[in-house]
Amino acid sequence: MFPLFFELENRLALVVGGGPVGRRKARALLDAGGRVRLVCLEPRPDDEPTERLQWIQEPYHAGHLEGVELVFAAATSAVNRQVTADARQRGIWINVADDPGASDFFLPAVLRRGDLLIAVGTKGAAPALAQGVRDFLGDQFDDAFQNWVAVLGRIRPLILEKVSDPNRRRELFYQLCRWDWLERFRHEDAAAVQAAMMAEVMQILQQP
C-alpha cells in the first residue's frame with residue numbers, strides 16, 4: 001500500500017448506496033471539501049446537507065460515472081460488482097465496501113486537528129482496530145496542534161520568500177517545530193506564541 005493525501009476540494013466523487021455506510025462515506029467526502037453524487041433507492045433524509053451533495057434517487061447506471069474522479073460502492077453485492085466493472089473500464093479508482101480485495105484504495109481512520117491529519121489504516125483488514133488507534137492518538141494530539149500548524153502555515157511563505165539558502169531554511173523550519181512551542185500553545189495565547197515565533201524568525205534572518 002502507498003499512503004497519500006488526496007486533494008478533494010471541489011472534485012466530484014460518486015457514492016452508490018444510501019444506507020448507513022454510503023451516507024457515512026458521503027459525509028466524509030463533504031467534510032474534505034469534495035462534491036458528492038449519491039445514487040440510491042432511498043429518499044433523501046431531511047438532515048442531509050444540500051450544499052455540494054447531489055442526491056439521485058434511482059437505480060445505478062454507468063452514466064452516473066460521468067465526470068467523477070473517485071467511486072465508492074456501498075450498495076448490494078450485485079450492484080457493487082457492476083459499479084466496480086464500470087469504474088475499472090473507465091480507469092476510475094474505486095472503493096468497494098463489501099469487498100476490500102476489489103478496492104483500489106482504502107479509507108483510513110482519520111484524526112483531524114485543523115490542518116494536521118493523522119491517518120491510520122489496516123488495508124481494510126481491521127477497521128475497528130484502526131479506529132481504536134486513532135482514538136488513542138486523539139488523547140495525545142490535542143487542539144494545541146491545530147493552532148501550531150496554523151501559525152506554521154502563515155510563517156512558512158515568509159521563510160520561503162526571504163531565505164534562499166535551503167540549509168538555512170531547513171534550520172528555521174526545525175526551530176519552529178521544536179516541541180517546546182507546543183507546550184507554549186497549550187498554556188499561552190496563540191497570538192502571543194505566534195509573535196514569539198515571528199520574533200525568533202526575524203532574529204535568525206538578521207544574523208550574517
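**View 1. A nonpolar patch lies on the surface.** In this legend, a nonpolar patch joins nonpolar side chains within 5 Å, taken from residues with over 30% relative accessible area and no salt bridge. The model shown is predicted. Here F2, L4, F6 and W93 make a nonpolar surface patch of about 460 Å². W93 belongs to strand β5, residues 93-96. Why can W93 count towards a patch? The relative accessible area of W93 is 41%, so W93 is partly exposed and passes the 30% cut-off.

**View 2. The largest nonpolar core draws on four helices.** This core has 17 residues. Among them, W148, I155, I159, L176, F185 and M197 touch the most other members. Helices α4 (144-162), α5 (166-176), α6 (179-187) and α7 (190-205) each supply at least two residues of the core. The biggest contribution comes from α4, which gives seven residues. In soluble globular proteins, nonpolar side chains tend to be buried together.

**View 3. W148 and its contacts.** Which residues does W148 contact, leaving aside neighbours within four places in sequence? They are L176, C177, R178, W179, W181, L182, F185 and M197. L176, F185 and M197 are also among the core residues that touch the most other members.

**View 4. A second core stands apart.** This separate core holds 16 residues. Its members include L14, A73, I94 and A102. One of these, L14, is a buried residue of strand β1.

**View 5. Strand β1 is covered on both faces.** Are the residues of β1 mostly buried or exposed? Five of its five residues are buried. L12, L14 and V16 lie on one side. A13 and V15 lie on the other. In a regular strand the side chains alternate between the two faces of the sheet. Strand β1 runs parallel to strand β2 (residues 35-40), and five bridges join the two. Opposite L12 stands R35 of β2.

**View 6. R11 and E69 join distant parts of the chain.** Their side chains form a salt bridge, with N and O 3.5 Å apart. R11 sits in the segment before β1 (12-16). E69 sits in the loop between β3 (53-57) and β4 (70-73). The two residues are 58 residues apart. R11 has 31% relative accessibility and counts as partly exposed. E69, at 38%, is partly exposed too.

**View 7. R88 and D104 form another link.** The closest N and O atoms of this salt bridge are 3.1 Å apart. R88 is in helix α2, residues 77-90. D104 is in the loop between β5 and β6 (109-113). This pair is 16 residues apart and also links distant parts of the chain. R88 is partly exposed, with a relative accessible area of 41%. D104 is partly exposed at 37%.

**View 8. D180 pairs with R178.** The side chains of D180 and R178 meet in a salt bridge, at 2.9 Å from N to O. D180 has a relative accessible area of 38% and is partly exposed. R178 is partly exposed at 27%. R178 is also one of the contacts of W148.

**View 9. Four charged residues form a network.** Which residues are linked in this network of salt bridges? They are R23, R27, D47 and E48. The count of salt bridges in the model comes to twelve.

Methods. Residues are numbered from 1 along each chain as its sequence is written. This is a predicted model: local features need pLDDT of at least 70, side-chain atom pairs count only at pLDDT 80 or more; totals for chains, interfaces and linings use all residues. Side-chain values use heavy atoms; hydrogens and water are left out. A nonpolar core is a set of buried Ala, Val, Leu, Ile, Met, Phe, Trp, Tyr and Cys residues joined through side-chain atoms within 4.5 Å. Buried means under 20% relative accessible area, exposed over 50%, partly exposed in between (1.4 Å probe, protein chains only). Helices (H or I, at least four residues) and strands (E, at least two) are DSSP runs, numbered from the N terminus. Contact means heavy atoms within 4.5 Å. Patches are made of residues with over 30% relative accessible area and no salt bridge: like charges are joined within 9 Å, nonpolar side chains (Val, Leu, Ile, Met, Phe, Trp, Tyr) within 5 Å. Accessible areas come from the Shrake-Rupley method with a 1.4 Å probe; for residues, only the protein chains shown count as cover. Two strands pair if DSSP finds at least two bridges between them.
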